[in-house]
Amino acid sequence: MAEPDTILVLNGPNLNMLGTREPEKYGHATLADVEALCRETAATFGLKADCRQSNREGELIDFIHEAHRRKMKGIIINAGGYSHTSIALHDALLAVQIPTVEVHVTNIHARESFRHHSYTARAAFASLCGFGLEGYRLAIQGLAAKLGIKPNA
């Protein structure tokens, strides 16, 4: 089942806690708000956003493989803490060869030193951090530009 007009928006561990987890860093918007923003932004480019979240590394990898099977156009990924530790996510992203943008709500380079390195960034063509939830909109806009897709008139 090919879905070339679909992008995968993948959120990793603890992002289901948006809105209540450290609101001074992450704000009060929820994961549902993020997903609505992504669907709305994708629609402006004639795309559908398939939004997924998991706290389990293997399930995130399965979602990436599924994106390949479904021939999705792109991936937006906020792998959360797995960004800094998961070679397996890095390898999965490289294996599927789908254009990918990494997103982080906070500026990972202004935080603890263990957050400064990102394995998932190395498998993405772009990485955005520090823009809050607006980073998801920017990531979709950047992905669409990379794919040569213009906003609907």
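This passage describes the fold, the annotated positions and the side-chain contacts of one protein chain, as seen in a predicted model.

The chain has 5 helices and 5 strands, and, read from the N terminus on, these elements follow one another in the order β-α-α-β-α-β-α-β-β-α. The C-alpha trace spans about 40 × 30 × 20 Å along its principal axes. For a chain of 153 residues, a compact globule would be expected to have a radius of gyration near 15 Å, and the value of 14 Å computed for this chain agrees with that expectation. Of the 153 residues, 49% count as buried.

An unreviewed UniProt entry carries the annotation "binding site", which covers Asn78, His84, Asp91, Val105, Thr106 and Arg115. Two of the positions named in that record can be placed as follows. His84 is located in the loop that runs between strand S3 (74–78) and helix H4 (87–96), and with a relative accessible area of 11% this residue is buried, because the value falls under the 20% limit. Thr106, in turn, belongs to the loop between strand S4 (100–104) and strand S5 (126–129), and Thr106 is likewise buried, with a relative accessible area of 12%.

Charged side chains were examined next. The whole structure contains 8 salt bridges, among them the one in which the side chains of Arg137 and Glu40 meet, with a distance of 3.6 Å from N to O. This pair links distant parts of the chain, since Arg137 is in helix H5 (residues 134–147) and Glu40 is in helix H2 (residues 31–43), 97 residues apart. Both partners fall into the partly exposed class: Arg137 has a relative accessibility of 22%, while Glu40 has a relative accessible area of 49%, so that it stays under the limit of 50% above which a residue would count as exposed.

Another salt bridge joins Glu66 and Arg52, whose closest N and O atoms are 2.8 Å apart. Here too the pair links distant parts of the chain, with Glu66 in helix H3 (residues 57–69) and Arg52 in strand S2 (residues 48–53), 14 residues apart. Glu66 is buried, and Arg52 is buried as well. These two residues also take part in a network of salt bridges, in which Asp50, Arg52, Glu66 and Arg70 are linked. A further salt bridge is formed where the side chains of Glu59 and Arg56 meet, at 2.7 Å from N to O. In this pair, Glu59 is partly exposed, with a relative accessible area of 26%, whereas Arg56 counts as exposed at 52% relative accessibility.

The cysteines gave a count of 0 disulfides. Cys38 is in no disulfide, and the nearest cysteine sulfur, which belongs to Cys51, lies 5.2 Å away; because a disulfide requires two sulfur atoms within 2.5 Å, this distance does not qualify. Cys38 counts as buried, at 0% relative accessibility. For Cys129, the closest cysteine sulfur is that of Cys38, and the 17 Å between them is too far for a bond.

Aromatic rings were considered in the same way, and the structure holds 0 aromatic pairs. A contact between a charge and a ring is nevertheless present, for the charged end of Lys146 sits over the ring of Phe125, at 5.1 Å from the centre of that ring.

Finally, the backbone angle phi was inspected. Most residues other than glycine have a negative phi. Lys71, however, has a positive phi near 60° although it is a residue other than glycine. Lys71 lies in the loop between H3 and S3, and with a relative accessible area of 54% Lys71 is exposed. Gln97 also has a positive phi, of about 50°, and is not a glycine. The position of Gln97 is in the loop between H4 and S4, and at 70% relative accessibility Gln97 counts as exposed.

Notes. Residues are numbered from 1 along each chain as its sequence is written. This is a predicted model: local features need pLDDT of at least 70, side-chain atom pairs count only at pLDDT 80 or more; totals for chains, interfaces and linings use all residues. Side-chain values use heavy atoms; hydrogens and water are left out. UniProt positions are given in the numbering used here, feature names are shortened, and annotations may be inferred rather than shown by experiment. Helices (H or I, at least four residues) and strands (E, at least two) are DSSP runs, numbered from the N terminus. Buried means under 20% relative accessible area, exposed over 50%, partly exposed in between (1.4 Å probe, protein chains only). A salt bridge is a side-chain nitrogen of Lys or Arg within 4 Å of a carboxyl oxygen of Asp or Glu. Rings of Phe, Tyr and Trp (its six-membered ring) pair if their centres lie within 6.5 Å; planes under 30 degrees apart count as stacked, over 60 as edge-to-face and the rest as tilted. A charge sits over a ring if NZ of Lys or CZ of Arg is within 6 Å of the ring centre and within 35 degrees of the ring normal. The radius of gyration is taken over C-alpha atoms; the globule rule is 2.2 Å times the number of residues to the power 0.38.
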